[in-house]
Amino acid sequence: MKKITVGLVTTLFINLNIVEAKKLPNIIFIMSDDVGYGDVSYNGGKIKTENIDLLAKNGVQFTQAYSVASTSSPSRYSLLTGQYAFRKNVGILEGDAPMSISSSALTLPMMLKKVGYTTACVGKWHLGLGDGNLDYNKTVKPSPNERGFDYSFIIPATNDRVPCVYLENGNVVNLDPNDPIQVSYTKHIGNMPTGEENPELLKMPALSKQHKKTIVDGISRIGYMSGGKSALWKDEEMADVIAGKAVKFIKSNAQKPFFLYFATHNIHEPRIASPRSSGQSGYGIYGDVILDLDWSVGQIMNTLRELKLDKNTLIVFMSDNGPRVEEGYDDGGLKNLKDHKPAGELRGGKYSLFEGGTRLPFIVYWPQKVKPGISTAIVSQIDLFASLAKLTKVKLKKDDAPDSREALSTFFGKSRNTKFKEVLIQNNGGAIALRKGDWKYIQGKDKEKEIKGELYNLKDDIGEKNNLVDSKPALVKEFQKRITEIRQSSSLHK
């Protein structure tokens, strides 16, 4: 009798957990790559992003939302850990960089797993892999799977870096063991042609020396590789492959709460559009790959509607940093922009601490809980971690997500202000800008010595044309003091 009672209690407990878990929304982060504030048509962009616009129409559109950094690896690191990347010196990572997220850190997917979520990372990773002795011919560990994701299908670094292969749960997809992969970022290995030696083989010219290494699919990349011929990706298929894996994960997990980190590669260089989008935008290759991004968002939304999951799925659409139209390749992007402005009216772009480098297209969608509208609240993507902890009733420990602050009502459009009223952003080298109210201070440094920096009133000067640093010395000192406090602390909560 005792065993039956215990069994019934255990069964009841499990069933109650299942019922409780079903009340939670599915969560999807759509992390677009190098997409500027003005690259989406709902923000005035000239290239039609119909699926993203529909998401915006039915969600909260934020006009003053920020990435944590103006480059990829730091912003993604901060999003998934709730910790500013400058605290761990995380900048843009090479393709063979070791895992940047510590094994002791609580990640966002780890936190969600505590309350029953199945988790997946699909698309661009660029947060390092392995422990410093990376061997792509074996199961790579640590990978996203060792940092909280139940399933992963990733581009290891960026689409302009070798190795140009996909990893699924730490294993290279379609790898022939008789054709092992070798990768080097310091010396020429193997006999694959390079952009430096064989420019006649290129689909597009490379502009920088670092982009003139091993040629894969007609494009010279950063770094050298050899082997793995059966595993090499085709650039024009990449949007479809990644979206297909995301859709498959959603369909396979439709009966339980899931978290999908869907990190598209669009619109990062090198740009090769799918046959579906090629030549369709009217704005050259830059516009065509934005169409591929929009199509990918449509694939996610269509799948959710098909499975009747769209009403109880929380979706956050964002970018990792601002736009950069031309950097490593001459793909004709700049020549065909016409009247399209990737950053809108904002100054600067990727790498910069000006608004164009970090102010994002940012949408929060959840029909069951979030009323559509436009929010002028100042928000940062780093605060999604603590906010989702509150939503899912996970109690964070002292060292968990140390720089993430709970702002759930703001993200849901119920409050126009966050209680902390300041947002910090960094560039790739760890320099800091601080936004507080209408004012923004960009830290100035000459080696280790603090210099004047730049001060702007964004209410009157959204284009950051009028530097007021000389006319507001007291305010500048206040900003400098606050930045020093943040740098000297180990947590924003202290």
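Me: What makes two rings an aromatic pair here, and how many does the structure hold?
Reply: Rings of Phe, Tyr and Trp (its six-membered ring) pair if their centres lie within 6.5 Å. By that rule the structure holds 14 aromatic pairs. Keep in mind that this is a predicted model: local features need pLDDT of at least 70, side-chain atom pairs count only at pLDDT 80 or more, and totals for chains, interfaces and linings use all residues. Residues are numbered from 1 along each chain as its sequence is written, and side-chain values use heavy atoms, with hydrogens and water left out.

Me: Why is the pair of Trp125 and Phe149 called edge-to-face?
Reply: Planes under 30 degrees apart count as stacked, over 60 as edge-to-face and the rest as tilted. Trp125 and Phe149 have 90 degrees between the planes and sit 6.3 Å centre to centre, so they meet the pair rule and count as edge-to-face. Both are in the loop between β3 (118–124) and β4 (151–155), 24 residues apart; strands are DSSP runs of E (at least two residues), helices of H or I (at least four), numbered from the N terminus.

Me: How do you know whether Trp125 and Phe149 are buried or exposed?
Reply: Buried means under 20% relative accessible area, exposed over 50%, partly exposed in between (1.4 Å probe, protein chains only). Trp125 is at 0% and Phe149 at 3%, so both count as buried. Ring pairs also link these two with Phe29, Phe259 and Tyr261 into a cluster.

Me: What makes a set of residues a nonpolar core, and which residues have the most contacts inside the largest one?
Reply: A core is a set of buried Ala, Val, Leu, Ile, Met, Phe, Trp, Tyr and Cys residues joined through side-chain atoms within 4.5 Å. The largest has 111 residues, with Phe29, Trp125, Leu260, Tyr261 and Phe362 having the most contacts inside it. Helix α6 (residues 284–306) gives the largest share, ten residues. Apart from this core lies another, of 18 residues, including Leu424 and Phe479.

Me: Why is the lining of the largest cavity described as eight nonpolar, one polar and no charged?
Reply: Ala, Val, Leu, Ile, Met, Phe, Trp, Tyr, Cys and Pro count as nonpolar, Asp, Glu, Lys and Arg as charged, and the others, Gly among them, as polar. The lining is Leu314, Val316, Val364, Leu384, Ser387, Leu388, Leu408, Phe411 and Phe412, so Ser387 is the polar one. Helix α8 gives the largest share, three residues.

Notes
1 Å grid on protein atoms, 1.4 Å probe; cavity = no way out; pocket = protein on both sides within 12 Å on 5 of 7 lines; lining within 4 Å.
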